[in-house]
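These are my notebook entries on a single model. I set down in each what I looked up and what I found.

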Amino acid sequence: MSTDIRTTLIENGWKQGAIIGCFDDENFRRHACFNVDIDNIFLVISQTCDLINPCFVSEPFLEVLRLKAINTPVSPEYAGGKNSRKINFKMPLCGEECTFQAMPFERCFVDRQLLQTQKPDDHAPNSTIETIVTWLTRRFSRTAFPEQFNQRLGKQVKKIEKIIKKLILVQDIYIKLLPFTELSDDTQYKIEICLLIDANHYDDTTIYNEYIKLKNDLERQFNLCSGIDCQTVDLRSNADISVREIQEYKRWDYSYLTYRDPSHHANPAGEF
């Protein structure tokens, strides 16, 4: 019997990245943490082995993420999972290229037994799934920098953010912060920053020269922050940095600073 259930789920096409319209389940709608509209679509983010597990006691639910189609281009600020509070991406759906937006808290658990009688409408590309799963994981694994360091960015935050928004092709920003602890007001933080960019873009002379100017501007703004000594900002190719090197840094989620100010928030309900 258990083998039959597993086989049915596999044959129905259930795997991580499956896409389905609104589940025909009143219980799902009632327990969702947001209003479920009839035109909503959902991306299955549960791992494939859990989805096709034949035991509904050990794995009673699957987890889905709501996707909202938007009529605007992908925002550089929300592309690639850079921002922990929102993501924009393009993805083919039923043969048509569409732009979607997702919020990390718009996730729900669904009774997995429903999968025995339903089939997905489509499947997301592997690259999209990898980006979204990494983006969601970072909600829990991203580094919390010392509050003293955050506060010392002070009035320069908006200027720093403005530069970062221009660094569209930068995959991640890493900071080596010494010491990585709360400090008294009379002690300086020393920092080194690494801007990681795809090798293909790094080797493009025009892009490289443009980004060198931006990284110099970024270094200047950090050094205007009281109590912070920015020793260097490096632009590095992802093909020219080792795992050992990057482990000396902490990935910096600058979106945390953007939304520290109550007057500057994501306003997710309004944007949908």
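**Entry 1. Strand 5 and its partners**

I began with strand 5, which is mostly covered, five of its seven residues being buried. The model is a predicted one, and I read the entries below with that in mind.

I then looked up the strands that pair with strand 5. Strand 4 pairs with strand 5 in the antiparallel sense, over seven bridges. Strand 3, residues 61-69, also runs antiparallel to strand 5, and two bridges join them. Across this second pairing, I found Lys-68 opposite Gln-101 of strand 5.

For the pairing with strand 4 I noted two bridge partners. Met-91 has Cys-98 in strand 5 as its partner, and Leu-93 is matched with Glu-96 of strand 5. I checked the cover of strand 4 as well: five of the seven residues in strand 4 are buried, so I entered this strand as mostly covered.

**Entry 2. The turn at Cys-94**

I next asked what joins strand 4 and strand 5. The two strands form a hairpin with two residues between them. Cys-94 lies in this loop, between strand 4 and strand 5 (96-102). Its phi is near 50 degrees, a positive value in a residue other than glycine. I recorded the value since most residues other than glycine have a negative phi.

Is Cys-94 buried or exposed? The relative accessible area of Cys-94 is 59%, and because the cut-off for exposed is over 50%, Cys-94 counts as exposed.

**Entry 3. The sheet with strand 8**

I turned to the sheet that holds strand 8. Four strands make up an open sheet, in the order 10-9-8-11, with mixed pairing. Its edge strands are strand 10 (228-237) and strand 11 (250-251), each of which pairs on one side only.

Between strand 8 and strand 9 (residues 189-197) I found eight bridges, and the two strands run antiparallel. One of the positions I followed was Tyr-174, whose bridge partner in strand 9 is Cys-194.

I then looked at the loop between strand 8 and strand 9, where Pro-179 is found. The peptide bond that joins Leu-178 and Pro-179 is cis, with omega at about -10 degrees. I marked this bond since most peptide bonds are trans.

**Entry 4. Aromatic rings and charges over them**

How many aromatic pairs does the structure hold? I found seven. Phe-145 and Phe-149 form a tilted pair, 5.6 Å centre to centre, with 35 degrees between the planes. Both Phe-145 and Phe-149 are buried. I also noted that these two rings belong to one aromatic cluster together with Phe-180 and Tyr-189.

I looked up charges over rings next. The charged end of Lys-250 sits over the ring of Phe-180, at 5.7 Å from its centre. Lys-176 lies over the face of Tyr-249, and here the distance from the ring centre is 5.2 Å.

**Entry 5. The largest pocket**

For the largest pocket I entered a volume of about 420 Å³. Its lining has 22 residues, of which Ala-79, Gly-80, Gly-81, Thr-131 and Gln-171 are the closest to the centre.

Which elements supply at least two residues of this lining? They are strand 4 (87-93), helix 4 (126-141) and strand 8. Helix 4 has the largest share, with seven residues. By class, I entered eight nonpolar, nine polar and five charged residues for the lining of the largest pocket.

**Entry 6. The cavities**

Last, I looked for enclosed space. There are three cavities of 30 Å³ or more, and the largest cavity has a volume of about 140 Å³. Of the 15 residues that line the largest cavity, Lys-82, Ile-164, Val-170, Ile-173 and Tyr-254 are the closest to its centre.

Helix 6 (157-166) and strand 8 (170-178) are the elements that give two or more residues to this lining. Strand 8 gives the most, with four residues. I noted that six charged residues line the largest cavity, along with eight nonpolar and one polar.

I closed the entry with strand 8, which supplies residues both to the lining of the largest pocket and to that of the largest cavity.

Technical notes:
Residues are numbered from 1 along each chain as its sequence is written. This is a predicted model: local features need pLDDT of at least 70, side-chain atom pairs count only at pLDDT 80 or more; totals for chains, interfaces and linings use all residues. Side-chain values use heavy atoms; hydrogens and water are left out. Rings of Phe, Tyr and Trp (its six-membered ring) pair if their centres lie within 6.5 Å; planes under 30 degrees apart count as stacked, over 60 as edge-to-face and the rest as tilted. Buried means under 20% relative accessible area, exposed over 50%, partly exposed in between (1.4 Å probe, protein chains only). A charge sits over a ring if NZ of Lys or CZ of Arg is within 6 Å of the ring centre and within 35 degrees of the ring normal. On a 1 Å grid over the protein atoms alone, a cavity is a set of points where a 1.4 Å probe fits but cannot get out, and a pocket is an open set with protein on both sides within 12 Å along at least five of seven lines; lining residues have an atom within 4 Å of a point. Grid points are joined across faces, edges and corners, and a volume is the space filled by probe spheres set on the points. Ala, Val, Leu, Ile, Met, Phe, Trp, Tyr, Cys and Pro count as nonpolar, Asp, Glu, Lys and Arg as charged, and the others, Gly among them, as polar. Two strands pair if DSSP finds at least two bridges between them.
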